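Colleague: I'm new to reading protein models. Could you walk me through a sheet and some ring pairs?

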Amino acid sequence: MNFKFGAGNGSFSALLRVSVVSTAVVVGAMAASAQETVKIGFIGPLSGGNAQQGLSARNGFQLAIDLANKAGLPFKLEAVVLDDAANPQTGVAAALKLTNDPQVLAATGHWNSGVALATIPVFQRAGVPFVVWGAISPKITERNNPMVSRVVTTLVNTNEPLAKWAVESVGKKIAIVSDTSDYGVANTQNFEKFYKAAGGAILAAEAAPVGTTDFRALLTKIKAGAPDAIYFGGVVTEAGLVRQQMVELGMTVPMIGVDGFHDADFIKIAGPAAEGTVSGIVKEKGNPQLEKLTKDYQAANFAEPATTYTKNAFDAANIIVAAIKKAGTKDKAAIAKAIRETQYDGAMGHTSFDENGQTKLPVELELRTVKNGAWTTR
């Protein structure tokens, strides 16, 4: 029997067309609902005295994830954000939580070098790619761990030009105060090396544990040597207390250091004593990607202001996403390899990595001084 569909079979033809369209809609909906979800982790100090850096970095990370999802991907991204409280033990617990979740394909983390050095073995053993967005100890990348890369330059890159400038512009006799963390020790070693090489002399090098609140005895001993300045090799809270107590003791010489205490909270803690403090930081160079990030960040209405770490974490997240797109979602070692092969033009500039996973981003030092209660370019 033969069926012919002519003009008299319009109703059947219309029904057939509706059926085909309906089937396509259902199949499309099923495909959308079946889209694979992959997770990317973020760890940073979201509480405690260093929270401002961690929160601004978290926002940059989240913004990158949100924009990538809106742009369309062959998978859906889910952010997993954890607090390390600037504490190695808390950081390790966060790293274990991430690496025990099979959906977490990679992570980015840490402002504190001591926390990063504690968690890197966790990511290494688990075979989970990890990109450092803030910690600057040279030790982090010196062992060429294939799972680890870093988008930020090391403290060597800022201490060397700062030391040369100090000899030329501050004086040839400096005392060092630092904390006893890996970050503090590395700052002390590198600044002392470069300062001496430039013709300066270190009169004293004193250290105190993180969390110390009274530096007066230590500073009184240093004051007797009449240094031209004090170099501080720690971070925000202790830096503010050291500067405050220097002024209390009548020490009118400047305090200098790298970017560990370049933060608005330093000024809050030190109060009027913060005036004249100098921090050497990596100079930010404008580019279209940074301008776009600034606009997108403002449009997102985050509660916290952006800091230099916002762009670091933003770029780190985008580099991870690009690596997953390139390598796929099934092989974490392939994702780590794709990260290492990165050629990425982002808010930080052009990022690529050397054989140890360290960024090859060139460094130009910018000197910032506290003037009238705010950090200003010298």
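Modeller: Happily! Here 7 strands form an open sheet in the order 7-6-8-9-10-13-14, with mixed pairing. Strands (E, at least two residues) and helices (H or I, at least four) are DSSP runs, numbered from the N terminus, and two strands pair if DSSP finds at least two bridges between them. This is a predicted model: local features need pLDDT of at least 70, side-chain atom pairs count only at pLDDT 80 or more, and totals for chains, interfaces and linings use all residues. Residues are numbered from 1 along each chain as its sequence is written, and side-chain values use heavy atoms, leaving out hydrogens and water.

Colleague: Which strands stand at the edges of the sheet?

Modeller: Strands of a sheet pair through backbone hydrogen bonds, either parallel or antiparallel. Strand 7 (201-208) and strand 14 (374-377) each have a single partner strand, so one side of each lacks a neighbour in the sheet. Further in, strand 8 (residues 229-232) and strand 9 (residues 255-257) pair in the parallel sense over 2 bridges, with Tyr 231 opposite Ile 256.

Colleague: How many aromatic pairs are there?

Modeller: Rings of Phe, Tyr and Trp (its six-membered ring) pair if their centres lie within 6.5 Å; planes under 30 degrees apart are stacked, over 60 edge-to-face, the rest tilted. The count comes to 12. For Trp 111 and Tyr 309 the centres are 6.2 Å apart and the planes at 90°, so this pair is edge-to-face. The two residues are 198 residues apart in the chain.

Colleague: Is Trp 111 buried or exposed?

Modeller: Buried means under 20% relative accessible area, exposed over 50%, partly exposed in between (1.4 Å probe, protein chains only). Trp 111, at 6%, is buried.
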